[in-house]
Amino acid sequence: MPGLTRRRFLSISAATAALTTAGVAPAAPLRHWQGSALGARATITLAHPDGARIAARAFAEIDRLEDIFSLYRAGSALSRLNREGRLDAPPLELLECLGLSGAVHRATGGRFDPTVQPLWDLHARAHAAGGPPAAEDIASTLTNVGWDGVTLAPEAVTLRPGMALTLNGIAQGYIADRIAALLRAEGLSEVLVDTGEHHGVGGDWPVTLTSDAGAEGQVRLRDRALASSAPLGTVFDRAGAAGHILDPRTGRPAAPRWRLVSVTAPQAALADALSTAMVLMDRDGMRQAFAAFPQARLAAAKPA
């Protein structure tokens, strides 16, 4: 959509245990495979004698998960749920993501809320037409926002009429977790998956934090995940002022409190959801949310 921009890139680096930060030669040479995933150019770098098969498995798994979570595939599970308001026999992965979404929603006082999709569509359409949406349109759309309108059960997921979900604040992290687990099961003990969020297995992976202001420091990951949210990392307008993270309480883009929030956790999905919500929170609110997830940590909070 015009004016909606974001740099998208996915990379996966992995090796057998022989590839270490000490510089020991890997058991097989590093090789690269390229494709697409999550609407982005994707690169998989492997040091493994069966690397081509493993890379193909990883790309196939990402494609399968996109068929669950993508808003841009009309036949995805999420698209069908949004279109019909009900999804019978939902995939386990969708239930897992929605279950975690509910837990983070409660822990963050409602700041993390996947039901903001109608608001997101409203802002995207309005800015494509030349400006922000009118206050009355925001107020009207807010009536279709609220986690209490989502019902989860193994038999079906249902939405209150007029509602729609986006999992863009959690699904990239979830996919990073799944791919890291797949590669680990293949015997790769040094893995870094980057789907926009990071999951590091083994190693001592350096990850640079960036915002619209540039580099913001570095975090090293070992058997841990990292996610970052920058309100102006994706924008609705060509001027780069209307950020993509919407406050579900007001229906408007996040107030300019932080330019970057980064969270580490055992799972990238959790770090992804928390960092998204914490852009809307002060430090006291962050501490209260972390109390519900004691293994998660604040890696960075850079004031705007």
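In the predicted model, the 30 positive and 29 negative charges of the chain have mean positions that lie 4 Å apart. The accessible surface of the chain amounts to about 13,300 Å², and carbon and sulfur atoms contribute 52% of this area.

With regard to overall dimensions, the C-alpha trace extends over about 65 × 45 × 40 Å along its principal axes. The radius of gyration of the chain is 19 Å, which agrees with the value near 19 Å that would be expected for a compact globule, because the chain has 304 residues. Of these 304 residues, 54% are buried, and among the contacts in the chain with a separation of 6 or more, 63% are accounted for by residues 24 or more positions apart. The secondary structure of the chain consists of 8 helices and 13 strands.

One part of this architecture was examined at the level of individual side chains. In a regular strand the side chains alternate between the two faces of the sheet. Strand E9, which covers residues 205-211, shows such an alternation, in that Trp205, Val207, Leu209 and Ser211 point to one face and are buried, whereas Pro206, Thr208 and Thr210 point to the other face and are not buried. Strand E9 pairs in the antiparallel sense with strand E10, formed by residues 214-221, over 6 bridges, and the two strands E9 and E10 are joined by a hairpin through 2 residues. Within this pairing, Ser211, one of the buried residues of E9, has Gly214 of E10 as its bridge partner.

Terms used:
Residues are numbered from 1 along each chain as its sequence is written. This is a predicted model: local features need pLDDT of at least 70, side-chain atom pairs count only at pLDDT 80 or more; totals for chains, interfaces and linings use all residues. Side-chain values use heavy atoms; hydrogens and water are left out. Buried means under 20% relative accessible area, exposed over 50%, partly exposed in between (1.4 Å probe, protein chains only). Helices (H or I, at least four residues) and strands (E, at least two) are DSSP runs, numbered from the N terminus. Two strands pair if DSSP finds at least two bridges between them. The radius of gyration is taken over C-alpha atoms; the globule rule is 2.2 Å times the number of residues to the power 0.38. Contact means heavy atoms within 4.5 Å. Accessible areas come from the Shrake-Rupley method with a 1.4 Å probe; for residues, only the protein chains shown count as cover. Lys and Arg count as positive and Asp and Glu as negative; His and the chain ends are not counted. The place of a charge is taken as NZ of Lys, CZ of Arg, CG of Asp or CD of Glu.
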